[in-house]
Amino acid sequence: MYQVLLTRRYLTSKVMPLLASLAVVLCTAMVLIVWSVMGGFLVKLMNSGRVLVGDVAITWPNTGFAHYDELVTMLEKDPGVEAATPMIETYGLLSLPSGRTEYVVVKGVEPAGYGAVTGYQESLWWRPLDAPMRKDRLREDERLDPGMHTIMERALANGRTLTRPDPVTAKPLDAIVMGIEIGDNYRTSTGVYYPVRTRRIRSDGTSEFLSIRPITEGVVKLNVLPMDSQGRVLEMASTSLPIANEFKTGMYEVDNRTVLVPLHTLQKLLRMDPAAKVAEGAVAGETVIDENGQEKFVIPKVEGTDPARVTNVIVRGKGISSDELRFRCAAIYKQFAEKHAGRVPAAPYVEERPGGQRELIRDSGSIAIRTWEDLNATFISAVKKETGLVLFIFSFVSLTAVFLVLAIFWSMVSEKTKDVGVLRSMGASRTGVAAVWLSYGLAIGLVGSLLGGTLAYTIVTNINPIHDWMGEALGLQIWDPKIYYFTDIPSKVELDKAIIVMSGGALSSVVGALIPALRAAFLHPVKALRFE
Amino acid sequence: MATPIIQVTNLYKTYRLGKVDVPVLRGATLSVEEGETVAILGASGSGKSTLLHLMGGLDRADRPGQARRRTKPEVCDACGGTLTASKDDKCPACGTSYLYGPVPMDAGGVLFRGQVLSMMSAGALDQYRGRSVGFVFQFYHLLPELTVLQNVLAGAMAGLGPIAYLTSRRSAVARARELLARVGLGHRLSHRPSQLSGGERQRVAIARGLVNTPALLLADEPTGNLDRKTGGTILDLLHEIRRETRQSMVIVTHDEHTAQRADRTISLVDGRVQR
């Protein structure tokens, strides 16, 4: 009881412990801010990374697999599946209106189905905007311009259907939607994009002025490398596609490398569309001598139709985790593969582990069924490791709080030596005396970590206004959207993390108080009373 | 026949100052009866405070064996006479006693109501200090951050332990208030020690020493830091309270006037009691 009394009194009557408490405040706040910002960064990247991939992808790259419509129907019958859609993913070369050529990831999608499975439609950039983005205080974004309203509405509609009307006939033409960072756009420090639409760079380095707006008049040329159903590379195929819109997922690697085209366009380019199936052995165009000695061309016998193929079927779950969805997809795909045995890739094997754990075992002949986390595993684990490393470094730096508390408590124990002797003379045990200092350390730690938590919460929830203020008042811009891509500093305060950090803060104070507490406990009562 | 509350037998204590051993108590022996006030009179450095600390369980005496010799000396330290080889441990010429050989279990120590302090566990010794004895120091030793009332209550908290204190909190507070009123500080409960005079601080220290109703009050120069008039008042107070409560009291002092007011006076010279 006297521990509580003395702790309360020491806490309110001494300046030194306030310094110790301040150290805990700063260390707690520092670690929590770093964790929240890095955690927010990770969450933002993960959310951005899953915008165009759905929850689960069933993938057989290169040659693709047939009968996908049937698989989509089977998947959509499952109550855990919200929607499923076919998709082709391949690589290509894109020639931009400016003459620049970029290497891109080409996704062939059915716009409606793709919109149902992914956040694609929300990611379309060119659309009418009622309110400016947070940093666009000067309303420089041309999407806000009432004069551009019609163009933006049309671009949004075009983006949703992956078409753009022919300027002469008004007939919808298949069109392309590109990542916002591929095109010739200029990104300002407020996160606003200006389309650079008046310049074309010639091969000799000179330039000419054009007066075209990419989303209304821009046309790109897409080159892809088709393969036949056996995986043999065929001649490069090209097509010109008008630009319907551009998208921004928030993940630079996606927005800088991905383009979307209608599925049937890409199927045609890659020769994955339905084709006549001919008898084996006959080669079209070859000349043979018939039984009458006449030379004639071989006309292969058509024996049916080779169905269209896709490389992916992507799925969006409903009320279940992506991991659970993966196993459901695997079970459905197994039925599908059994039905089309020999014509589609085999299903992966589900292995039951002790304790209810399951794992999908895939060999080289079986299809890949992966969650969006699996698809982004490399970059997620890289950011997680980076977060862990930064957190470790800052936590290590925060150990200074332990030594600061130790130094302050050591000096306080020296100052209070006589009091220790008095307490022992009144019957206080060694444990009781140690408890005075430990509870004092805990109190300082609790006060410090609570204040630190509050400080961190205040800073993290206002990190962008604080950053803006620093930019305006001090000319400091640490987070430049031109470099970091995100317009705002991402952050996320999570209660469990806050509890861990604050408990750590309180614990560090107790640890710091431990050695001085033991020193006080083992002071000889008589020597303590005679201490001068 | 009166019963002794505390018995000190053949007590030795040596302090080490650097590389030098300084013997402070050299076989001190005394006994205090229940309800008796004993003054221990002695010059500075005679071992009075050390004796009080040992009686109060604040320190542990040296084992008597440490003052003994391993083997019997051949020549008497006092008279130079030859010691006989017999088992007698006295010098035949001058009668000086020699302690040597193995230490008997009951040799020397402090007995409180029949309990040997040196045999007590650390916890039992804490309890002894908290409940059976009360200390009053020359320099008051109040806790400066606490108020007058809290200083007295701290004695109850430390002495009783958390559970016992919580169960008897009301009575402890009432007792502290009553004691402070008794020592004339009922109106200064919320004051800090720094706001009190020397005499007032000593009154608070007396109240603190008595808050757990100890059987024995050990006062170490209670008036040593006060002027004669204030010191006299403090002594009056101590004796009044002792008469009321019938507690035993040991007062250590170098002042003969203070000693004279006790039931009995014992002189301590060179670490030994002289009657």
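How many of the residues of helix H4 of chain B are buried? In this predicted model, helix H4 of chain B is mostly covered, since 13 of its 13 residues are buried. The helix runs over residues 148–160 of chain B, and because 13 residues at 1.5 Å a residue should span 18 Å, the 19 Å that separates its end C-alpha atoms agrees with expectation. H4(B) is followed by B:Gly161, a residue whose phi is positive, near 85°.

From this helix the reader can turn to the sheet of chain B, an open arrangement of six strands in the order E6-E7-E8-E3-E9-E10, with mixed pairing. Its edge strands are E6 (133–136) and E10 (272–274) of chain B, each of which pairs on one side only, and neighbouring strands of the sheet are turned against each other by 25° on average, with direction ignored. Within the sheet, strand E3 (residues 37–42) and strand E9 (residues 264–269) of chain B pair in the parallel sense over five bridges, and B:Gly42 has B:Leu268 in E9(B) as its bridge partner. Helix H7 of chain B, formed by residues 198–210, packs on this sheet, where it touches E6 and strand E7 (216–220) of chain B, and its direction makes about 170° with that of E6(B).

How far these details may be trusted depends on the confidence of the prediction. Chain B has a mean pLDDT of 81, and 89% of its residues reach 70 or more, while the model scores ipTM 0.81 and pTM 0.69. Where pLDDT is low, the predicted coordinates should not be read in detail.

How values were computed
Residues numbered from 1 in each chain as written. Chains lettered and ligands numbered in written order. Predicted model: local features only at pLDDT ≥ 70, side-chain atom pairs only at ≥ 80, totals over all residues. Helix = DSSP H or I, 4+ residues; strand = E, 2+ residues; numbered from the N terminus. Expected span 1.5 Å × (residues − 1). Buried ≥ 20, exposed ≤ 12 C-beta atoms within 10 Å, placed from the backbone. pLDDT = per-residue confidence, 0-100. Pairing = 2+ DSSP bridges. Axes fitted to C-alpha atoms, helices over the stretch in contact; angles between N-to-C directions. Contact = placed C-beta atoms within 7 Å.
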